[in-house]
Amino acid sequence: MNSKVRSTNPFYNGRKLKLGSFSINLEHGGAASTIDGTHKADWPSIKALGKLHDDMEFEAIVPVARWRGFGGATNFAGPGFETYTFAAGVGAQTNYPAVIATSHVPLVHPIMAAKQMITIDHISGGRAALNIVTGWNRPEIEMFGIPLREHDERYEMAVEWLEIVKRLWTEGADFDFAGRFYKIVKGYAEPKPIQKPYPPIMNAGGSERGRHFVAKYCDLAFLAPKVREYAPLKKMADEYRNLARDEYDNEIEVWTNAYVVQGETEAEARDYLAEYVDRKGDWDAVTTLIDTMGINAQTFTPEQLKAMKRHFIAGWGGFPLVGTKEQIVDMLGKLSGCGFDGVVLTFPRFHDDMVAFRDEVYPLLLQSGLRAS
Ligand SMILES: Cc1cc2nc3c(=O)[nH]c(=O)nc-3n(C[C@H](O)[C@H](O)[C@H](O)COP(=O)(O)O)c2cc1C
């Protein structure tokens, strides 16, 4: 049982396995593929997906903060919506899910971040959450005319940034702040967020520095499933939770991301995967993406690199949920067994595949007890 109670936010609804979507603010959603029918970055498409979240009481809508695409045939992750304004829009148009703004620390002043989040929290009736990213994609940071800082320094900046944001959300009196990165003179923000003490904070730090940032300062850890076997995933999830608990007396939720490829038979699901990834995947875009992340032939074998690219084409490097409806439920149960509180999902043809998930997989998930509170 999590000791943090934010009664308006479904992150704290007590369900055994929580669900969400990932990347619906971006063209193509999570699929770097030229197949027809992938997600469109237009508002009618996003609104239609919002309704599906309400239908299944999905707990989260997590957008990706991205400012430039990765080229290739799709310019993957290029076209897309800014995430604070996106969260405000989906917050107004949905009833159930937490609406997340994913914020780059160096690109948004903490006073702006605090105020925008307050606005989203009020629009959504206390369903806002903030996903903090420190930035790694050099061309998009340099587009703003600022340098990409050295890795650990980005987290030093995030610590100050978040302290200012939290103080603006919680302190009644004006305050001054003089740090290494920020100076605040008579900091003030009213009204306060609906959620107390403040909207949940998530972060996907994967490095040692990043893990400690999540464990100490955040409410939810977002883990990249770098391995795709259950035992090491469980170990990873345990390590995050225990680090927060043991070193920082902080109870966190642990989430990961997965892609869903559903078929009548397992063979049909595998054919679908082969079609949108192997035959019609945007290998050029994903090669650029992986190179920009600094993942290269010095640390990985060609086979490992190819496998990683496949997962990135299929759905942002997520855990593969490929198979029949029964198999998908079984795999989600195993992820829950690894200790994940929640999983955000992508679908190759986001809308149509999510409808199939609602109609065919979701009833089985309910029966399985995974969605019980
Ligand atoms: C599920 C997930 C979502 C992420 N979303 C974003 C994002 O929207 N924008 C971004 O710049 N980085 C994003 N990242 C990257 C992380 O913020 C982080 O840089 C990465 O996990 C590496 O960890 P490190 O910063 O500790 O080295 C995401 C990572 C994960 C695992």
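This report covers the strand pairing, nonpolar core, ligand shell and one kinked helix of a predicted model.

## Strands β9 and β10

Strand β10 spans residues 319–323, and 4 of its 5 residues are buried, so the strand is largely enclosed by the rest of the structure. Its pairing with β9 (residues 253–262) is parallel and runs over 5 bridges. Within that pairing, V260 has L321 of β10 as its bridge partner.

## Nonpolar core

V260 also appears in the largest nonpolar core, where it is listed with A87, I100, A221, Y240, I252 and V343 as having the most contacts inside the core. This core has 101 residues. Helix α5 (residues 151–170) supplies the largest share of the core, 8 residues.

For I100, the contacts beyond four places in sequence are A60, I61, V62, P63, A87, A129 and N131. One of these, A87, is itself among the core residues with the most contacts.

## Ligand shell

The ligand is surrounded by 16 residues, and the closest are A204, G206, S207, G210 and A224. The shell divides into 7 nonpolar and 9 polar residues, with no charged residues.

## Helix α12

Helix α12 covers residues 350–368 and has a kink of about 45° at V361, shortly before the proline P363. V361 is one of the buried residues of α12, along with F350, D353, M354, F357 and Y362. The elements covering these buried residues include α1 (43–56), β9 and α11 (325–337).

Just after α12, G369 adopts a positive phi of about 90°.

Technical notes. Residues are numbered from 1 along each chain as its sequence is written. This is a predicted model: local features need pLDDT of at least 70, side-chain atom pairs count only at pLDDT 80 or more; totals for chains, interfaces and linings use all residues. A residue is buried if 20 or more other C-beta atoms lie within 10 Å of its own, exposed if 12 or fewer, and partly exposed in between; C-beta atoms are placed from the backbone. Helices (H or I, at least four residues) and strands (E, at least two) are DSSP runs, numbered from the N terminus. Two strands pair if DSSP finds at least two bridges between them. A nonpolar core is a set of buried Ala, Val, Leu, Ile, Met, Phe, Trp, Tyr and Cys residues joined through C-beta atoms within 7 Å. Two residues are in contact if their C-beta atoms, placed from the backbone, lie within 7 Å. A residue is near a molecule or strand if its C-beta atom, placed from the backbone, lies within 6 Å of it. Ala, Val, Leu, Ile, Met, Phe, Trp, Tyr, Cys and Pro count as nonpolar, Asp, Glu, Lys and Arg as charged, and the others, Gly among them, as polar. The bend at a residue is the angle between axes fitted to the seven residues ending there and the seven starting there.
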